[in-house]
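Visitor: I have a model open here and would like to talk through some of its packing with you. Could you start me off with a pair of helices?

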Amino acid sequence: MNEPGTSYEGSLLLTLEEISQLVAHSHHSSETLTNIVRLIQGRFHTAVCSVYFYVPERGELVLGATVGLKSEAIGRVRMRLEEGLTGLVAQQMSPVAVADAFAHPRFKYFPEADEDPYHSFLGVPLLEGGTLQGVLVVQTREPRQFSPSEVRMLVTVAAQLAALVGDALLLDQVSAVVHPAAAPAPTVPGIGNQLNGTSLSPGTGLGRAYVVDAVEEWRRDVPAKGRGVVEERRRLIEAMQRARAEISRLSQHISELVGEDHGAILQAQLMIMQDRTIERDLDACLEGGASAEGALLATLDKYVAALQKVATPFFHERIYDIKDVFHRLLWQLRPRQQTDPSDDRLVLVAREASVMELFAVDLDRLAAVVVEHGGPQSHAAILARSLGIPMVGQLSDFAPLAQSGRLLLVDGSAGTVVLDPAPLCVMPPSNAGLAAKPLRDAEGSRGAIAPLPPGLPGIEVNINLLYEARSAFNLGASGVGLYRSEFLFLARRTLPTEEEQVEIYRKLLHTLAGRPVTIRTFDLRPDKLAACSHFGSTAARPFDWRLVLQSPPLQQLFQDQVRAILRASTVGPVRILVPLVTSSELLDFVLETVARARDSLTAEGLPFAADVPLGVMIEVAAAASLVSAWAEQVSFFAIGTNDLAASALGLDRDDPLLAHQADALHPGLIRLIHDITADAHAADRPVSVCGEIAADPLGALALAALGVDTLSVPVNQLTAARQALAGCNATALAEVKTQLLRQRSTKAVRTLLLQSRPCP
Ligand code: PEP
Ligand code: MG
């Protein structure tokens, strides 16, 4: 950059003059922007100058023009405002100057941009009328300090540029609408063959669309007439062999992930495929001249029609299995290019984000998931994050995705899907199969990590699948604050028996080797379960744990689970946690059930630990005010901020449009968490928070300030959560708490927390 002492006014004026020259001679908005960044880079003598657009609908910054970074990164490097140093500029709406960006806690590496050689960073916001338009960034190769006058100079340039950036973005969008065919290659979101959605799980994945429940899709394209009965029979037999192998692999994987000895749900599918009557029906169609695909569709129609006549929900449910089997076979029959390696990888495309559907394809080949409905707190999204599968939801247009076999490039971090990506613009998939994939975290270490300083919360982990337990242990987690046991239902439509559960819980406790494990009893919600036939007439209805008081089968299920947890307690320290306790009647039922379970185990001579703590989850506002009334009867409280935020703010956490508004940093929720914690502490009961907010660096700071005893975060965010609290001390937190309780908007809460973050 110019040395201090030069006439800034002079150099700035010249720059503006040049800018207007450039605008006059540019013929396209992206050309204008490229010329502008080139000019600034030249004037300021930096290695890099880039402009990032702010896209308010998506809360994201997108690289719009650059000199110095890779040009392929334009339109592809995106970040939320919570990400990276550029995000920090936008978040604070003020300059950020860093001598060595790599050493800064907010530094985020974007491999697409090739930022490796650039150390220093100076970013200033592009503000027009107080509204954020984007961020202007300059970078140099060597680490260096920026002087206050250099910062001021760039701020002034940015002030002149902001309007231009806003107009350029607008022009690009307008011209794409008016002349769609002539529109340039996409540089901004929403243009070209890229669909925009919401990021549900980070990472990128490339593969062919595997559309769930899309049998109808095939009807249009497959040949009805065959090429001779011998040839069609051969094709069908080969497709069956491949599908059978896939189902076996999938069963095996599910068993490993969940910890059960069978992927039970898929056994039913194998059975259907081996059914002699179905085999004969298919053969009759082939003899009649049908293609393998035509025979499958005709036979499927026959069976679906017959099943629909049978009234019971149990049989209706089977239609799903049958369709799934036939869909697998049709998929195996599709023409494929042997030379195309991406042919082997699948992107699961589904309308609903049901956890069950995540397991529709072989996990080893699952590159990514795209769903039409479901927000970031949906359980399918939580599970995808556990598994490290990129996932995008709430796409602007779903129809083009629902085409089986179409090549899709899913960017789970940016929340985008590129249709039919050209070979050159395809990044290698970051999700390289789950079987061999350990959970990643910044640091791995065996043995529990030393606790944070006194006055700060302990940090435990959330586990959804048994396979995460090993990583949790290796990363030094001090315990499991939440094991979502209902994920056991993933692989089955039958109830896990007491014995099966004892086995799994023992494995879990054994893996954690003496560190406490909180097993949450089944949190039965519609999005977690396929319709369950084992609950009699309630089968077809969505299902809610709170119905337990009226449902003997549910009462039995709960009793079996409590017994199983108690029986496992001989292996290691375990806590029982009950979800969504919303009334004293429900709590009384829980207490009676636990007492009955203890009595029955004693009577049967089955050993269990005497001191298994019982906790309840506070997930609705009405329960929050009953904490004092319940404290005597329970050992601890856990706040489920995912549900509490949604219910207290009147939002559905799966709602595609509103879910992002369920921000647990709402000042009303901050006060609610404060009150719950204060009431629990007054009765000498500890409080943990296991919602996603605990893993957000600002959320963790807020919860620490509010005096929460334990945070429980996803395994792959354990290190980040520890880092977020590392520099905190009790005195500073007390001040943050006082301030927090005075704020009146979410934005003000966030700003306060940002300013209060401890320096690394
Ligand atoms: C919560 O609601 O915050 C929670 C941890 O439970 P779940 O996300 O499983 O509903
Ligand atoms: Mg919950």
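Guide: This is a predicted model, and a good place to begin is helix 15 (residues 552–568) with helix 16 (residues 584–604), which pack at an angle of about 55° with their axes 9 Å apart.

Visitor: How are helix 15 and helix 16 oriented to each other, then?

Guide: They are oblique to each other, because an angle of that kind falls outside the ranges that count as roughly parallel, roughly perpendicular or roughly antiparallel. Helix 15 passes helix 16 in a right-handed crossing.

Visitor: And which residues make that contact?

Guide: From helix 15 the contact takes Gln-555, Phe-558, Gln-559, Val-562, Arg-563, Leu-566 and Arg-567, while helix 16 contributes Phe-589, Val-590, Thr-593, Val-594, Arg-596, Ala-597, Arg-598, Ser-600, Leu-601 and Glu-604. Sorted by class, the contact of helix 15 with helix 16 has eight nonpolar, four polar and five charged residues.

Visitor: What's behind the spacing of the numbers in a list like that?

Guide: An α-helix has 3.6 residues a turn, so residues three or four places apart point the same way.

Visitor: Let's try another pair. At what angle do helix 6 and helix 8 cross?

Guide: Helix 6 (residues 229–258) and helix 8 (residues 276–287) cross at roughly 150°, and their axes come within 9 Å. Angles over 145 degrees count as roughly antiparallel, and therefore helix 6 and helix 8 are described that way. Their crossing is right-handed.

Visitor: Who meets whom there?

Guide: On the helix 6 side the contact is made by Val-229, Glu-232, Arg-233, Leu-236 and Met-240, and on the helix 8 side by Leu-282, Asp-283, Leu-286 and Glu-287. By class, the contact of helix 6 with helix 8 has five nonpolar, no polar and four charged residues.

Visitor: Moving along the chain, is helix 21 mostly covered or mostly open?

Guide: Helix 21 (residues 697–705) is mostly covered, with eight of its nine residues buried. The buried ones are Leu-698, Gly-699, Ala-700, Leu-701, Ala-702, Leu-703, Ala-704 and Ala-705.

Visitor: What do they pack against?

Guide: The buried residues of helix 21 pack against helix 20 (667–682), strand 21 (687–689), strand 22 (710–714), helix 22 (718–726), helix 23 (730–740) and helix 24 (746–756).

Visitor: Pick helix 23 from those. How do helix 21 and helix 23 cross?

Guide: The axes of helix 21 and helix 23 come within 8 Å and cross at roughly 95°, and since 65 to 115 degrees counts as roughly perpendicular, that is therefore how the two helices are related. In this contact Leu-701, Ala-702, Ala-704 and Ala-705 of helix 21 meet Leu-733, Val-736, Lys-737 and Leu-740 of helix 23. Its residues divide into seven nonpolar, no polar and one charged.

Visitor: Now a strand. Where does Val-616 sit, and is it buried or exposed?

Guide: Val-616 lies in strand 19 (residues 614–618), and Val-616 counts as buried because its relative accessible area is 0%, where buried means under 20%.

Visitor: What's in contact with Val-616, sequence neighbours aside?

Guide: Leaving out its neighbours within four places in sequence, Val-616 is in contact with Leu-577, Val-578, Val-581, Leu-587, Trp-630, Val-634, Phe-636, Phe-637 and Ala-638. Val-616 and Leu-580 are also worth a look, being 36 residues apart in sequence and 7.5 Å apart in space, C-alpha to C-alpha.

Visitor: How much of the protein's contact pattern joins residues far along the sequence?

Guide: Among contacts between residues at least 6 apart in sequence, 68% join residues at least 24 apart. For the overall inventory, the protein has 24 helices and 22 strands, and buried residues make up 56% of its 760 residues.

Visitor: Which non-glycine residues with a positive phi can you point me to?

Guide: Two to look at are Met-93, with phi near 50°, and Ala-513, with phi near 40°. Met-93 is in the loop between helix 3 (84–92) and strand 4 (96–98), whereas Ala-513 is in the loop between helix 14 (498–512) and strand 17 (517–520). At 33% relative accessibility, Met-93 counts as partly exposed.

Visitor: Last topic, the cysteines. How many disulfides does the structure hold?

Guide: The structure holds zero disulfides. Among the cysteines, Cys-49 counts as buried at 0% relative accessibility, and Cys-690 counts as buried at 2%.

Terms used:
Residues are numbered from 1 along each chain as its sequence is written. Chains are lettered from A and ligands numbered from 1 in the order in which they are written. This is a predicted model: local features need pLDDT of at least 70, side-chain atom pairs count only at pLDDT 80 or more; totals for chains, interfaces and linings use all residues. Side-chain values use heavy atoms; hydrogens and water are left out. A disulfide is a pair of cysteine sulfur atoms within 2.5 Å. Buried means under 20% relative accessible area, exposed over 50%, partly exposed in between (1.4 Å probe, protein chains only). Axes are lines fitted to C-alpha atoms, for helices over the stretch in contact, and angles run from 0 to 180 degrees between N-to-C directions. Helices (H or I, at least four residues) and strands (E, at least two) are DSSP runs, numbered from the N terminus. Angles under 35 degrees count as roughly parallel, over 145 as roughly antiparallel, 65 to 115 as roughly perpendicular and the rest as oblique. A crossing is left-handed if the near helix is turned anticlockwise from the far one by less than a right angle, and right-handed if clockwise. Contact means heavy atoms within 4.5 Å. Ala, Val, Leu, Ile, Met, Phe, Trp, Tyr, Cys and Pro count as nonpolar, Asp, Glu, Lys and Arg as charged, and the others, Gly among them, as polar.
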